[in-house]
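Good morning, and thank you for the time on today's agenda. I would ask everyone to look at the sequence and the structure together while I speak.

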Amino acid sequence: VVADRDPPADTADQGGKPGEPVIAGEKPTNVKLLDEGAAITITWTDPSGGTVPFIVAGARANQETKAMGTPGVGETTYKVNALNPRLDYCFTVLAVYSTNEYAPSDLVCTNRGGATATPR
C-alpha cells in the first residue's frame with residue numbers, strides 16, 4: 001500500500017489463494033494522530049470489543065507502509081518515536097482476526113504544513 005492511496009483492488013478481493021491474507025472482519029475506526037514532532041501517538045476504536053490484536057503500519061507520506069508495532073489485544077493506542085518532525089507520515093491500524101484474516105483502517109496522515117492530521 002502506498003501511503004496516500006487506496007490499497008490496490010486485488011488486496012480487497014475476498015478470494016485469493018489458500019493461506020493468503022484476506023480482508024475480513026470489522027476495521028478499526030476513528031483513527032486519530034497526536035503529532036508531537038519527533039513522536040506520533042495513534043489512537044483508534046477497537047471494533048472487536050477487546051478480543052483481537054492489532055498491527056500499526058506506517059511510513060513517510062507517499063511511501064509504502066510497513067509494520068511499525070504490534071499493540072496487544074484490547075489496546076487502542078500506540079506511540080511511534082524517532083520521527084523526523086519536518087516530514088509527513090501516514091498510518092493505518094490493522095485488526096488481526098486470524099493468521100490470514102485482517103481488517104485495515106482508513107489511512108490517516110499528518111499535515112505538518114499547519115493543518116491537523118487528516119484521513120486520506
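I shall begin with the chain as a whole, and then turn to its strands, its core and one exposed residue.

Please bear in mind that this is a predicted model. The mean pLDDT of the chain is 85, and 79% of its residues reach 70 or more. A word of caution applies to residues 4-13, where the pLDDT is below 50. Beyond near neighbours in sequence, that stretch has nine contacts in the model.

What does the chain consist of, in terms of helices and strands? It has 10 strands and zero helices. Read from the N terminus, then, every element in the order β-β-β-β-β-β-β-β-β-β is a strand. Of the 120 residues, 32% count as buried. The accessible surface amounts to about 6800 Å², and carbon and sulfur atoms account for 51% of that surface. As to contacts between residues at least 6 apart in sequence, 55% of them join residues at least 24 apart.

Let us now consider how the strands are arranged. Three of them form an open sheet in the order 2-3-6, with antiparallel pairing. Strand 2, residues 29-35, and strand 6, residues 77-80, are at the edges of this sheet. Each has a single partner strand, so one side of each is left without a neighbour in the sheet. On average, and ignoring direction, neighbouring strands here are turned by 15° against each other.

Within this sheet, strand 2 pairs with strand 3, residues 40-45, in the antiparallel sense over five bridges. Which residue stands opposite Lys32 in strand 3? The residue in question is Thr43.

Further along the chain, strand 7 and strand 8 form a hairpin, with two residues between them. These two strands run antiparallel and are joined by four bridges. Leu94 stands opposite Pro104 of strand 8 in the model. Strand 8, residues 101-104, also pairs with strand 1, residues 22-23, in this case in the parallel sense and over two bridges. There, Ile23 stands opposite Tyr102 of strand 8.

I come next to the interior. The largest nonpolar core has 15 residues, and those that touch the most other members are Ile40, Ile42, Trp44, Phe91 and Val93. Two or more residues of this core are given by each of strand 2, strand 3, strand 4 (54-60) and strand 7 (89-98). Which element gives the most? That is strand 7, with four residues.

Phe91 deserves a closer look. Leaving out residues up to four places away in sequence, Phe91 touches a set of residues that includes Leu33, Ile40, Ile42, Val56, Met68, Val80 and Leu107. Ala57 and Gly58 are also among the residues that Phe91 touches.

My last example is Lys66, in strand 5, which covers residues 66-69. Is Lys66 buried or exposed? Lys66 has a relative accessible area of 57%, and it counts as exposed because that value is over the cut-off of 50%. Beyond its neighbours within four places in sequence, Lys66 is in contact with Val56, Ala57 and Gly58. Thr92 lies 26 residues from Lys66 along the chain, and their C-alpha atoms are separated by 9.5 Å.

To close, I would leave you with two points: the chain has 10 strands and zero helices, and strand 7 gives four residues to the largest nonpolar core. Thank you for your attention.

Notes. Residues numbered from 1 in each chain as written. Predicted model: local features only at pLDDT ≥ 70, side-chain atom pairs only at ≥ 80, totals over all residues. Heavy atoms only, no water. Pairing = 2+ DSSP bridges. Axes fitted to C-alpha atoms, helices over the stretch in contact; angles between N-to-C directions. Buried < 20%, exposed > 50% of the residue type's maximum accessible area, 1.4 Å probe, protein only. Contact = heavy atoms within 4.5 Å. Areas by Shrake-Rupley, 256 points an atom, 1.4 Å probe, with all protein chains shown as cover. Core = buried A, V, L, I, M, F, W, Y, C linked by side-chain atoms within 4.5 Å. pLDDT = per-residue confidence, 0-100.
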